[in-house]
Structure formats: structure tokens, C-alpha cells
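Please open the model in your viewer and keep the selection panel at hand. The stops below go from one selection to the next, with a short account of what is there.

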Amino acid sequence: MSAVRDDLAFVNRQSFIELHARERAIALFDSGTARELLGPFDRVESPWLPLQGVTPQADDGCVVMKGKISGRAAVVVALEGAFQGGSLGEVSGAKLTAALDLARADGEKGKPTAAVMLLETGGVRLQEANLGLAAIAEIMAAILSLRRYAPVISVVAGTVGCFGGMSLAAGLSSYIVMTREARLGLNGPEVIEQESGIEEFDSSDRRLIWAINGGEQRYAMGLADALVDDDTGQVGKTIRQLIEKGVPREHRSARVAFYRERIQSLDATRQLDPNELRASWRTGDATEPGK
Amino acid sequence: MSEYTGIRGKAWFRALTGQDSPMAGDPRSVLTADAPIGDGRARFLCVVPDPQGRFPCARHGEVGLEEAYALATRVREVIEPDRNSVKRAIIAIVDVKSQAYGRREETAAIFLAAAAAADAYGSARLAGHPIITLVVGHAISGGFLTHGYQANRILAFDDDGVMIHAMHKEAAARITRRSVESLEKLGKAIAPLSYDVRDFAKLGLLHELLHVEDPDHPADETTARVRRALAAAIEDARRGPVDLSNRLQSPEARETRQASIRTRALLESQWREKV
């Protein structure tokens, strides 16, 4: 492809990250097939935020859409990073869990329904604390149950990243898709600095953060299945391909002996060099499609 | 508060199994034993502190990389042998500080390690193994998601030393810019924020709140009572579905988690609508 055409592609591409949750969700479906469930007009809001002087949002920052992707039944759940950092509260958590459970129920009845989670989230919403954590445990259970019938795809695209308990939800997914702008990890850099000290993690060191949590690193280490540009067309195409691949023969989170051996062979007496680790983990972790 | 969490966990692991050493090849911070319970046998698992552990940020009772993969290994290894027989119960004794907060952990993808442990527990539950969690001390955040929160039935001691929460008190106070005292006061009014296990019980997620005398030093009589509660929970789990639907069915859940119940019902009716 010539440089001129590359430029043209760059100019014509539509940023996925800049879209709101609703627009991101709808962009993934076959044209005209998407239907939003429990949308803002249903006004199912957090009962806990007003008690603490926080204005709730009519969709609780969680958009659920059902329709077809690549001609197959699918549900997309998009978390809105702009509302409470995409955090999971009781209602947003129940929406995500219910969507996954209903997709599983359809799968049990012979109608496999894939799920796509657009994760822009710091994890548990602190104002709903224990109900947020409980919701994440239930989301994880629902993913495990659904992924026997249809693939569950996690997309981490935007600058909020995917942290906290929801990183475990990503870890349980059949496939993970990331952009270079996205980060994925259990503990954010600020949390580590706070808990273990600045000598453990300097959260102002942007280079270090992306070297560890960034999409390029996670993909290169075999921990994400696709690295995409911030381009709505490319994200959509990747998701269609993964849905067509179907359920992987073995999920990454079930490859216990493989990853345990990798942890055992680490030299834990010093900090790990992300580049060295990338080189040694790179091979042998392609998630194989089923059949 | 002690620098280490898991001392009480170890005491209960020893009381219930008569053992206190790790299985061959496991880190010293993960205890696994098969022991009789009720009419059968169960696999007991517990995470304990190891001041000499390989990973500096996982020495005080946190669930780190090694702990998560050891748990995943030990849980998974009961699934295959029991495929065509009675499914052994799996009992998670929980007294965990949190997940490990370290740079090594993030670099080597602790999110996947934690997912692998939760996957093992959840997969065993889906295969029909009763998974019973006994919270004897702390069950905090990612530590609990990794070890215990995928159980069919959760039991906890009715004791001030028990804390089940999304974030430990000091960090939550810092982040929400409240004092620890005002956070505790807020928890009295708003159940999901509370650090008191009796308020946690109001969320309807617990199968049973067990009152025990002197939980730091399990006496024979108390241990026998805890055994009976565990055996009853195993039988109860065997009679129920393999999913977590019971967490929304208790009288407490119907009260406190109304929004969850309503959300699920509305979403289901809209899901089924013909368009």
C-alpha cells in the first residue's frame, strides 16, 4: 500500500476511543440490527449514589445492545468511562451480568450468542463498594458459564484502561482486543505507589506504565489476541473475525500449568524488565480457535 | 492490625484438617489438604503469610502470582478424577489481606493469574463440586475475587475481626477524602459501604453468619460446630443449582438488592421482546 493511500486511510478513519459508549456499541453491529435494552428512558439508576450526593445517570454508565454481528446473534455491553470512571455499581453490574446470563441461556437452547464487553473501567465503584465487588464476582461467574457456548470478547480501547476487578473479567474472556492507547492490569500505578511506595512504582513515570500495562506490551506478551489502531472500522473487523473463530479450544485462564511454569522461572530477586519478559513470553501462546 | 493477615486462616486450616504444610511444589503461602467433612472428604485451601516468599509484595497474606496459580492448580486437580463419581467439596478458608500490590506482579500479569484461580473455582462449581467459602478473617478486594468469591455458599464468622470489603479502610478513606471515623459512620447508613460483617450479611450474599467463641484459637467444641455448618452447607449446595442465583434469593437480598433484581427482570423481558 502506498504512503498516499495510508494517509487517506488515516484521514478517513473514525476514532473509536472518541465515541461515547452508546456509539461504540452500535458501531459493532451489522447495520440496522442493534436494539438497546434498558436504555436511558427506562431510567434504571443507581439507588446508592443519590444517598451520597452524587447525581446518578439514567443508564448507570452501562449500555447493553442486542443484535447481529457478522450475521450471528450477539450482545454488546459498553461501559462509559466518562461516568464515574466506568466503575461497576449495583445496577451497571446487574445489567452486564444479566446480559451475559441471557446470552448463555440462549446458547443452552441452541442459539449461541456471543458477548462483546467494551471495558473502560477502574473496577468497583467505591460509593457502592461491596455491591460493586459482589457484582464483579457474578460477572466473572457469568463469563465462565457463557464462554462454553459462545466467545466472550473483551475490548480495552480507551485511555481509562481496564483495572481492578474487571481486569479479572478480561482475563476470563475468550479473546482480548486492545489499542496502543489502552492499558490493562489489576492494580493501577497510583494504587501500587500508594500501597507499596514510590520505589516500587513511580506513578508519574508514563513510559514505565505503558511498558508494563500498555496494549502493545500485552499483545506482544501473548496476553491479548489482537492489537488494533484507534479506528472504528478496524475494531469492528477484528471483532467480526473473532466471533467467526468461535470458542477457543482452551481459554487462556485455564492454561494453569503453562503460566505457572512461567512464573516459577522468573527471577523475582529484582524488578522484571518488561522488554526481556516480552522476548521470553512471546512464543507459544496463540489462542487457537475451536473445532 | 497485624502486619500479617492469614494467621487466623492458618489456625482454622490446622483445626479443620489437622495439617499445616504446603503440598510438594507449592509456595509456603498456600496450604492445601484433603480431609474428612460430614460423610465425605473435602479439599481445603488457604492462603497464609510467608515472610520469606519469593515476591516481596506478597509476603504478608496477599494473593500474588504464585498463590493464584497454586490455588488454580490445586482446585483444578480434583475436577478430572471426580468426573464420574461424587464431586468432592472444595472449601476455601479465607483470611486474605488483598491482592499483591507490586510492579513485578503487574509486569507478569497478575490479572491473568487471579483470573486463573477464579476460573478454577468457577469451573469446579460448574462441574458440580460444592464450593464452600469460610471467611474467618479478612476477605478484601481482588484477594477475595481470586480466593473465595466464586463459591456456591459463603459462611463468615460473626466477629469484629472479620472484614469483607472492596477496599481496605485506610485506602478507601484516602480516596474518598473521608476520615476512617466518618467512613464507619457512613457504613451504618449505607450497608454496602460498611466494614462490619453484620452489615455485609444484610446484602444477602452470605449463606450463614456463624457465631464462634475466640476465633483466634479454635477450640474443639467450636471446631466441631464449624464442621457441622460446613457439612450442612455442602449438602445444601449439592441440592441447589451450580450457578450463583442463590445470592439474589435470600430475604436480605430481596430487601437490599432490589435494584439488581429489578434490573435483571426488566432486561430479561426486553431481551425476549420480538421486534
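Begin by selecting the strands of the open sheet in chain A, which in this predicted model number seven, follow the order 1-2-3-4-5-6-7 and pair in a mixed fashion. At its edges are strand 1 (35–37) and strand 7 (226–228) of chain A, each of which pairs on one side only. If you follow the sheet across, the twist from one strand to the next averages 20°.

Next, select helix 9 of chain A, residues 232–245, which packs on this sheet and touches strand 2, strand 3, strand 4 (114–118), strand 5 (152–156), strand 6 (175–179) and strand 7 of chain A. The direction of helix 9 of chain A makes about 160° with that of strand 7 of chain A.

Within the sheet, select residues 62–69 and 72–79 of chain A, strand 2 and strand 3, which run antiparallel and are joined by eight bridges. A bridge to display here is that of A:Cys62, whose partner in strand 3 of chain A is A:Leu79.

Now move to strand 4 and strand 5 of chain A, where the pairing is parallel and extends over four bridges; here A:Ala115 stands opposite A:Val152 of strand 5 of chain A. Is strand 5 of chain A enclosed by the rest of the structure, or is it left open? Five of its five residues are buried, so strand 5 of chain A is largely enclosed by the rest of the structure. With side chains shown, A:Val152, A:Ser154 and A:Val156 point one way from the strand, while A:Ile153 and A:Val155 point the other way, and all of them are buried.

Before leaving chain A, colour it by pLDDT, for which the chain mean is 94, with 93% of the residues reaching 70 or more. Among the elements of chain A, strand 4 has the highest mean pLDDT, 99, and helix 1 (residues 3–12) the lowest, 64. Residues 285–291 of chain A should be read with care, since pLDDT stays under 50 there, and the model has 14 contacts for them beyond four places in sequence.

Turn to chain B and select helix 1, residues 7–17, which is mostly covered, with nine of its eleven residues buried. Among the buried residues of helix 1 of chain B are B:Arg8, B:Lys10, B:Trp12 and B:Phe13. To see what covers them, add strand 1 (30–37), strand 2 (40–47), strand 3 (89–96), strand 4 (131–140) and helix 9 (220–239) of chain B, which are included in that cover. The helix is followed by B:Gly18, whose phi is positive, near 75°.

For the next stop, show both chains and select their contact, in which 64 residues of chain B meet 66 residues of chain A. Several elements of chain B each supply at least two residues to this side, including helix 2 (65–79), helix 5 (141–146), strand 6 (163–165) and helix 11 (258–272). Helix 4 of chain B gives the most, with 13 residues. By class, this side of chain B has 38 nonpolar, 14 polar and twelve charged residues.

Finally, colour chain B by its domain assignment, which gives domain 1 (7–242) and domain 2 (244–275). The C-alpha centres of the two domains of chain B lie 27 Å apart, and their contact takes eight residues from domain 1 and eight residues from domain 2. On the side of domain 1 of chain B that touches domain 2, the residues divide into five nonpolar, two polar and one charged.

How values were computed: Residues are numbered from 1 along each chain as its sequence is written. Chains are lettered from A and ligands numbered from 1 in the order in which they are written. This is a predicted model: local features need pLDDT of at least 70, side-chain atom pairs count only at pLDDT 80 or more; totals for chains, interfaces and linings use all residues. Two strands pair if DSSP finds at least two bridges between them. Axes are lines fitted to C-alpha atoms, for helices over the stretch in contact, and angles run from 0 to 180 degrees between N-to-C directions. Two residues are in contact if their C-beta atoms, placed from the backbone, lie within 7 Å. A residue is buried if 20 or more other C-beta atoms lie within 10 Å of its own, exposed if 12 or fewer, and partly exposed in between; C-beta atoms are placed from the backbone. Ala, Val, Leu, Ile, Met, Phe, Trp, Tyr, Cys and Pro count as nonpolar, Asp, Glu, Lys and Arg as charged, and the others, Gly among them, as polar. pLDDT is the predictor's confidence in each residue, from 0 to 100. Domain bounds come from an automatic or database domain assignment.
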